[in-house]
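Q: Here is a structure that I am seeing for the first time. Please take a close look at one part of it, and then tell me how to read its surroundings.

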Amino acid sequence: MSPYESISFAQLALAAVLLAVALGLTVALRLGLARGIVVAAARMVVQLLLVGLVLGWVFATEHPLVILGLALLMAGLAGVAAVRRTVRRFPGIYWNALVSVLGASFLVTGFTVLGVLQIEPWYDPQYLIPLHGMLLGNALTGISLSLDRFMESCVRERDLIETRLALGATRWEAARPPVRDALRTGLIPIVNSMAVMGIVSLPGMMTGQILAGADPSDAVRYQILIMLMITVCVAFASHAVVLLAYTALFRRDHTFHPERLKTV
Amino acid sequence: MDALPLSLDHAGRRIDGRWLWRDVDAQIDEGTRWAVVGPSGSGKTVLLRALAGLDRLDEGTIRSGGRTLDELSLPAHRARVHYLMQRPALFPGTVADNVHAPLKLAVHRGRGYDANATTSALDALGRPVAFLDQPIDRLSGGEQQIVALLRAFQARPDVLLLDEPTASLDPAATEAVEALVARWLDENAGRAALWTSHNPAQIARVTDYTLDLADFAPRPEPA
């Protein structure tokens, strides 16, 4: 790997000075945003420093169970975070999100590491952990958006859904419009970001690889791979969670149970 | 197969631990017109929804054509015993889109659109066929209820469950809805209708039999 410029805490402090200027601006204009920015920035710094420590330790152990455990923990946290972002709940919603995020991310990470990249050993954390993390971040967004939209549609379009049922629709026929809306909503961010990638935005991972000295054409190929895998993962996870939510709200006997949805 | 007779056997429904009604026995036969009455909150809507198989009973049995709802496929049952909401929910698009919508469902597969059912009904109401091209967001409340009925007719039900269908309509629109239902009943002696209404004059006009839910509300247990 080509050498790259290491970065020191003093250099980070210099970058933070510029943030102080931006903060001064919002304070001067009395926008009331300063507190939120400071808290968020502080969280980001602490979280990333901790992750740096954990990753350093995990990379050093080189034990497959430790790495697999970390991957599981990350997926679990992503599942919980995805549900936390929605405003409604039904019994079993956490399990549905966990199953979806675990199934989709492990399937796609596994395929990428074993099938596409053929990493030796397969658990090499340098590949597995960043890949898995990126998939999870996107799956989390896909799950929370599609789940939230599905539950919202079931409440808002309750009369239309019941009208379809009253006319003789099966549960699937009655639920198809909200299911379709939910999946479309879950896939919007990834579809949009692919559409402008390289033109409006330079993806973070690719930028990072180039900064770290990788050949740009290599970095581009990695980016294409990761975008394709993210899309697959988001699609799997959104489909899984919406279909699971569908079976929770539409029973096998074709009855609809919006009363199972509670606002939090 | 026929939906009638439609019967309730020791039917009961409980909401939040309280029985709305219990031990309801009734049989709706071909050619009958029923009123479901009772004070507000007595569970009239809940009863109609249970008959349509939209909600399950907490106790007792509903039979349609001699078979319990558990033995029947609910989509097929709901097409025969059709529940109409007080405020109809119309699908986006035009009147025609709504009237054709039932034919897209699997339960009605292989069955064509009955154009005559729609045009003869519009004719009876003195409305032009161009009404079908109207976008639904320009319809009055009465027109929306007419569209809901025209749409229901395409599902070829044997029983209509009418939940306060004219509660928010003016007298002319009320008359149109009543006329459409009366016409539909007259076409075939094997049909039946159940109405809920807060208007005693309407109940007297459109029904022959009464199911009073006040008779089935459990009294507080003696201490």
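A: The close look is at one strand, followed by its neighbours and the rest of the model.

This is a predicted model, in which local features need pLDDT of at least 70, side-chain atom pairs count only at pLDDT 80 or more, and totals for chains, interfaces and linings use all residues. Residues are numbered from 1 along each chain as its sequence is written, while chains are lettered from A and ligands numbered from 1 in the order in which they are written.

The part is strand E7 (159-163) of chain B. Helices (H or I, at least four residues) and strands (E, at least two) are DSSP runs, numbered from the N terminus. Is E7(B) buried or exposed? Five of its five residues are buried, so the rest of the structure largely encloses E7(B). Here, buried means that 20 or more other C-beta atoms lie within 10 Å of a residue's own; exposed means 12 or fewer, partly exposed lies in between, and C-beta atoms are placed from the backbone. Two faces can be told apart. B:Val159, B:Leu161 and B:Asp163 point one way from E7(B). B:Leu160 and B:Leu162 point the other way. Residues on both faces are buried.

Now the partners. Two strands pair if DSSP finds at least two bridges between them. Strand E6 (residues 81-84) of chain B runs parallel to E7(B), and four bridges join them. In one of these links, B:His82 has B:Leu160 of E7(B) as its bridge partner. E7(B) also pairs with strand E8 (residues 192-196) of chain B, over five bridges and again in the parallel sense. There, B:Leu162 is matched with B:Trp195 of E8(B).

A helix belongs to this picture too. E7(B), helix H6 (residues 171-187) of chain B and E8(B) make a right-handed β-α-β unit. Right-handed means that, with the strands pointing away from the viewer, the path from the first strand over the helix to the second runs clockwise.

Step back along the chain to H5(B), a helix covering 141-154. Of its 14 residues, 13 are buried, so H5(B) is largely enclosed by the rest of the structure. Its length also agrees with expectation: at 1.5 Å a residue, H5(B) should span 20 Å, and its end C-alpha atoms are 21 Å apart. The expected span is 1.5 Å times one less than the number of residues.

The loop between H5(B) and E7(B) holds B:Arg156. B:Arg156 is not a glycine, yet has a positive phi of about 50 degrees. With 15 C-beta neighbours inside 10 Å, B:Arg156 counts as partly exposed.

Compare another loop of chain B. B:Asp16 sits between E1 and strand E2 (18-28). B:Asp16 also has a positive phi of about 50 degrees without being a glycine. B:Asp16 is exposed, with 5 other C-beta atoms within 10 Å.

Cis peptide bonds appear as well. One joins B:Leu4 and B:Pro5, with omega about -5 degrees. B:Pro5 lies in the segment before strand E1 (6-15) of chain B. Another runs from A:Glu120 to A:Pro121, with omega near -15 degrees. A:Pro121 is in the loop between helix H4 (93-116) and helix H5 (125-156) of chain A.

Last comes confidence. Chain B averages a pLDDT (the predictor's confidence in each residue, from 0 to 100) of 93, and 98% of its residues score at least 70. For the complex, the predictor gives an ipTM of 0.95 and a pTM of 0.89.
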